[in-house]
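This report covers side-chain contacts, with attention to rings, cysteines and one aspartate. The sequence and structure are shown first.

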Amino acid sequence: MNAEPPKRSRKRSAAAAAATPAKTPKVLLLTPPMVQLNTPYSAVPVLAGFLRSQGVDVAQADLSLELALRMFTRSTLCDAQKALAKCPRAEDSLARTLFRLKSEVYINGIEPVVAFLQGRADELAYRFARPDELPEGPHFRTLDPESTGWTFETQQQLFGPLGIFDAAKMRCTLFLEDVAQILAETLDPNFALARYAEHLAVAAPSFDPILERLEGPPGYCDYILESLVGKLLARHRPGFVGITVPFPGTVYGAFRIARTIRRLAPETRIVLGGGYVNSELRELTDERVFDSVDFICYDEGFRPWLGVLGLGPRVRTRVRGTTPKSIGGLCAGGDGDYKVPVSDYTGVDFSRYLQVVESTSPMTRLWSDGRWLKVQLAAGCYWHRCRFCDVALDYIGTYRLPDPVQAVDALQTMAEQTGICAFHFTDEAMPPALLRAISQEILRRKLTFVWWGNIRFDAGFTPELADLMARAGCVGVSAGLECAHDRLLKLMNKGITCARARETCENLAAAGILVHIYLMYGYPTQTKQETLEALDFVRQLFAEGLVQSAFWHRFALTVHSPLAAEKGEALGATAPEPGPHGRFALNEIEWKDKRRSLDLLGKALALAVYNYEMSRGLDETPEFWLRLARRTR
């Protein structure tokens with residue numbers, strides 16, 4: 001007869017109970033509108049992967065995508081049609097006029113267009129590629145300002161006789177942009193595909209404009225966003241909600257989400273973080289922000305989140321009545337070895353994302369077309385000496401390298417989880433030595449990956465390395481050429497010359513790697529002649545097939561840059577005055593530029609590059625684009 005097992009007491013000792021950690025509340029991580037529609041923005045999956053590795057129960061949602069999908073429906077366009085009927089015709093724009101004339105075509109076409117761009121109805125390409133299938137609103141005119149519409153001749157020139165699928169995707173993208181304009185002009189002026197209420201947060205020393213909009217009557221998009229948040233709260237019942245704020249165009253949406261959570265689930269703790277927070281809110285003193293959120297999390301956010309959840313010391317966070325700390329860099333591996341974070345895409349349905357083609361440039365479309373898994377290889381920038389850059393910030397100035405084997409392990413893990421083998425490396429600048437080792441490891445494992453990311457025009461990108469990268473799956477790179485003039489490159493301590501940039505582009509082009517260049521104008525002491533010389537240098541790069549796309553932006557003096565610290569007084573730099581309740585955001589600071597307005601010059605540069613990307617105007621002089629800019633003002 002077997003002995004009866006001893007009975008266990010149902011009462012646990014106090015010591016045993018204390019030794020068992022309390023269950024961590026569930027965390028819900030959100031991306032607010034509007035970011036991108038083709039793939040998840042990186043912040044939420046990266047943080048989800050880290051927290052899940054720490055045993056935290058995590059859910060995630062992309063409210064940028066969800067809002068867009070709710071706006072691009074038959075019912076929403078029917079609402080727009082009703083709203084337009086109440087508007088005076090005399091105030092109609094081209095988009096509204098066309099919507100009045102062809103409202104049924106828009107209403108019946110919107111959901112098939114979305115399905116096609118999601119990849120659920122590829123066969124519709126044969127229909128949408130026809131120039132007479134979709135109404136051609138104002139965004140179709142941007143393809144050729146001299147044209148009255150999209151013709152078969154235009155399509156053949158841009159895409160060739162077999163480019164039906166690409167032509168259809170671009171036509172559908174332009175159609176969605178027209179629809180977005182119609183919705184903004186009839187239902188909600190804050191709605192846009194990529195800049196949702198951005199005007200409220202660009203150069204925002206005061207919180208007042210955002211607060212006034214939050215406390216005013218909700219708009220059409222606000223009701224949808226609040227409904228989406230309510231459903232997520234009911235489904236997940238989180239104890240903590242994290243909201244990333246990467247760009248100015250996500251600030252209002254983030255605070256609208258936070259306000260909704262406060263109202264529906266007042267016990268839920270709300271954490272704000274992201275790129276905008278890291279760069280703009282470091283000098284925050286307006287305590288009213290904490291009526292909407294409980295914590296503000298700076299820099300990479302891994303250890304700060306552990307502190308918020310009670311799983312580690314509280315560092316790099318703000319709560320009411322405190323000031324931000326500025327201690328050493330924090331990353332997934334703590335203060336020691338850096339490891340490439342493994343993003344977790346649990347719950348993400350990639351098939352719902354829209355693949356849009358905004359440009360005929362094969363390089364430019366990488367940003368909006370493709371389900372890319374975003375990954376940061378190295379932390380920070382290995383150069384971090386450019387005088388115009390925010391090198392004082394931790395995420396740029398603190399540089400760490402991963403082990404190449406661990407990096408490829410991370411890529412392989414994400415590819416196996418998602419079934420996607422396409423990566424966008426979001427590094428400040430990918431180091432040549434690291435790319436060499438990672439490319440060799442990818443080839444050693446015989447992995448079929450495709451990837452692209454940002455580099456510097458470094459001497460390390462030799463013909464041999466470019467060929468190695470291409471064989472390992474690199475299809476494109478982007479790099480800063482800034483003012484594209486040797487005097488200015490030296491002045492800004494860029495560490496490159498125009499000759500070096502050309503040589504690097506030649507090496508990459510020989511390997512079949514596409515190149516995008518970032519450019520700026522209006523740098524202190526830059527002359528008009530130097531700007532036109534830079535434009536001609538860029539024209540040569542396009543004409544020789546060394547670059548495929550480019551973008552000019554106007555120089556901005558930022559408070560975290562060496563230039564502001566060294567020359568701020570000499571430049572007459574002044575920070576915008578905070579609001580009456582304290583400061584909200586501070587990043588760009590004004591400086592006294594005695595030159596005439598640069599608006600015309602900026603328009604000429606944009607016109608030139610837009611045409612260069614379509615292989616047009618490559619024989620024209622820089623002065624030609626100035627004349628064209630004057631005529632089209």
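## A charge over a ring

In this predicted model, the charged end of arginine 385 is placed over the ring of tryptophan 383, at 4.1 Å from the ring centre.

## Aromatic pairs

How many aromatic pairs does the structure hold? The count is 23. One of them joins tyrosine 41 and phenylalanine 247. Their ring centres are 5.6 Å apart and the planes meet at 70 degrees, an edge-to-face arrangement. Tyrosine 41 belongs to the loop between strand E1 (27-31) and helix H2 (43-53), while phenylalanine 247 belongs to the loop between strand E3 (240-244) and helix H13 (251-264); the pair therefore ties together parts that are 206 residues apart in sequence. Phenylalanine 247 is partly exposed, and its relative accessible area is 37%.

A further pair is made by phenylalanine 50 and phenylalanine 302. Because the planes stand at 65 degrees, with the centres 4.7 Å apart, this pair is edge-to-face; the cut-off for that class is over 60 degrees. Phenylalanine 50 lies in helix H2 and phenylalanine 302 in helix H15 (residues 302-308), so the contact links distant parts of the chain, 252 residues apart. Are these two rings buried or exposed? Phenylalanine 50 is buried at 10% relative accessibility, and phenylalanine 302 is buried at 4%.

## An aromatic cluster

Some rings are grouped beyond a single pair. Phe423, Phe425, Phe449 and Trp451 make up one aromatic cluster.

## Cysteines

How many disulfides are there? The count comes to 0. A disulfide is a covalent bond between the sulfur atoms of two cysteines, and the cut-off used here for the two sulfur atoms is 2.5 Å.

Cysteine 386 shows how this works out. The closest cysteine sulfur to that of cysteine 386 is in cysteine 389, at 6.1 Å, so the two are too far apart for a bond. Cysteine 386 is buried, with 7% relative accessibility. Cysteine 78, by its relative accessible area of 24%, is partly exposed; the limit for buried is under 20%.

## Aspartate 394

Where does aspartate 394 lie? This residue is in helix H16 (residues 394-397). Aspartate 394 is buried, with a relative accessible area of 10%. The side chain of aspartate 394 is joined to the side chain of threonine 398 by a polar contact of 2.9 Å.

Technical notes. Residues numbered from 1 in each chain as written. Predicted model: local features only at pLDDT ≥ 70, side-chain atom pairs only at ≥ 80, totals over all residues. Heavy atoms only, no water. Phe/Tyr/Trp six-rings, centres within 6.5 Å; stacked < 30°, edge-to-face > 60°. Helix = DSSP H or I, 4+ residues; strand = E, 2+ residues; numbered from the N terminus. Buried < 20%, exposed > 50% of the residue type's maximum accessible area, 1.4 Å probe, protein only. Lys NZ or Arg CZ within 6 Å of the ring centre and 35° of its normal. Polar contact = N/O pair within 3.5 Å; in protein donor to acceptor, adjacent residues only side chain to side chain.
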